[in-house]
Amino acid sequence: MKLHTTPTQQYQTITGYETDSVEINAIVYQHSLIVLPEIKPVDWPVKRFAELTEASFEQVLAHQPDVVILGTGAKQQFVHPRLIQALTAKRIGVESMDSQAACRTYNILMAEGRKVALALIMEQA
C-alpha cells in the first residue's frame, strides 16, 4: 500500500507498507525498526511479537518519546503491562495496533509535531 506524500518530507515519513516491508522516505526496510521523526530508522532486534521483552522497550525509551505506537504485524496484539512498565513509569503512552494502522497513525502524529516513536515488528521466520 502506498501512502501519499506530505509537506513533512524532511522527517522520517512512512511512504509505503507491505506485509514483509516498510518504505520510509522511499527506502525499503525488511526488518523491525524504531522510527522517529528526526533521526534515521534504528534497527530493532525483535523478530516476532512473542520475543518482546522489557529490554526491547528500554531501547525505545532511550529516545524519550511522548507516545509509542507498536506495530504488531498483520494482526493487533496487546503487550503485557509488565513489559512496558519502564515507559508507563515515565508517563509514556503505548498503543498497540496492526502494522498498517501503526504506520498511518505514526504519520498523523508526526505531522502534528508530536514526539512519537513507531516500534514496528516485521515478522521474520
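Author: Contact here means heavy atoms within 4.5 Å. This is a predicted model, where local features need pLDDT of at least 70, side-chain atom pairs count only at pLDDT 80 or more, and totals for chains, interfaces and linings use all residues. Residues are numbered from 1 along each chain as its sequence is written, and side-chain values use heavy atoms, with hydrogens and water left out.

Reader: Thanks! Which residues is Ser-96 in contact with, leaving aside its neighbours within four places in sequence?
Author: Ser-96 is found in strand S7; strands (E, at least two residues) and helices (H or I, at least four) are DSSP runs, numbered from the N terminus. Once neighbours within four places are set aside, the contacts of Ser-96 are Leu-70, Thr-72, Gln-76, Gln-77, Phe-78 and Val-79.

Reader: Does Ser-96 count as buried or exposed?
Author: Buried means under 20% relative accessible area, exposed over 50%, and partly exposed in between, with a 1.4 Å probe and protein chains only. Ser-96 has a relative accessibility of 9%, so it counts as buried.

Reader: Which strands stand at the edges of the sheet?
Author: Two strands pair if DSSP finds at least two bridges between them. Five strands form an open, mixed sheet in the order S5-S4-S8-S6-S7. One side of each edge strand is left without a neighbour, because each has a single partner: these are S5 (39-43) and S7 (93-97).

Reader: By how many degrees are neighbouring strands of this sheet turned against each other on average?
Author: Axes are lines fitted to C-alpha atoms, for helices over the stretch in contact, and angles run from 0 to 180 degrees between N-to-C directions. With direction ignored, the average turn between neighbouring strands of this sheet is 20 degrees.

Reader: What are the bridge partners of Val-68 in S7 and in S8?
Author: Strand S6 (residues 67-71) runs parallel to S7, joined by five bridges, and S6 and S8 are also parallel, with five bridges. On the S7 side, Val-68 is matched with Val-94. On the S8 side, the partner of Val-68 is Ala-117.

Reader: Nice. Which residue in S8 stands opposite Val-35?
Author: S4 and S8 pair in the antiparallel sense over three bridges. In S8, five of five residues are buried, with Val-116, Leu-118 and Leu-120 pointing one way and Ala-117 and Ala-119 the other. Opposite Val-35 stands Leu-118.

Reader: What arc do the buried residues of H1 cover around the axis?
Author: In helix H1 (residues 54-61), the buried residues are Ser-56, Phe-57, Val-60 and Leu-61. They lie on the same side of H1, because the arc they cover, taken from the directions from the helix axis to the C-beta atoms, is only 145 degrees.

Reader: At about what angle does H3 run to S8?
Author: Helix H3 (residues 99-111) lies across S4 (33-36), S6, S7 and S8 (116-120). Its angle to S8 is about 165 degrees.

Reader: What is the radius of gyration of the chain?
Author: The chain has three helices and eight strands, in the pattern β-β-β-β-β-α-β-α-β-α-β along the sequence. The globule rule, 2.2 Å times the number of residues to the power 0.38, gives 14 Å for 125 residues, and the chain comes close to this, so it is as compact as a globular protein of that length. Taken over C-alpha atoms, the radius of gyration is 13 Å.
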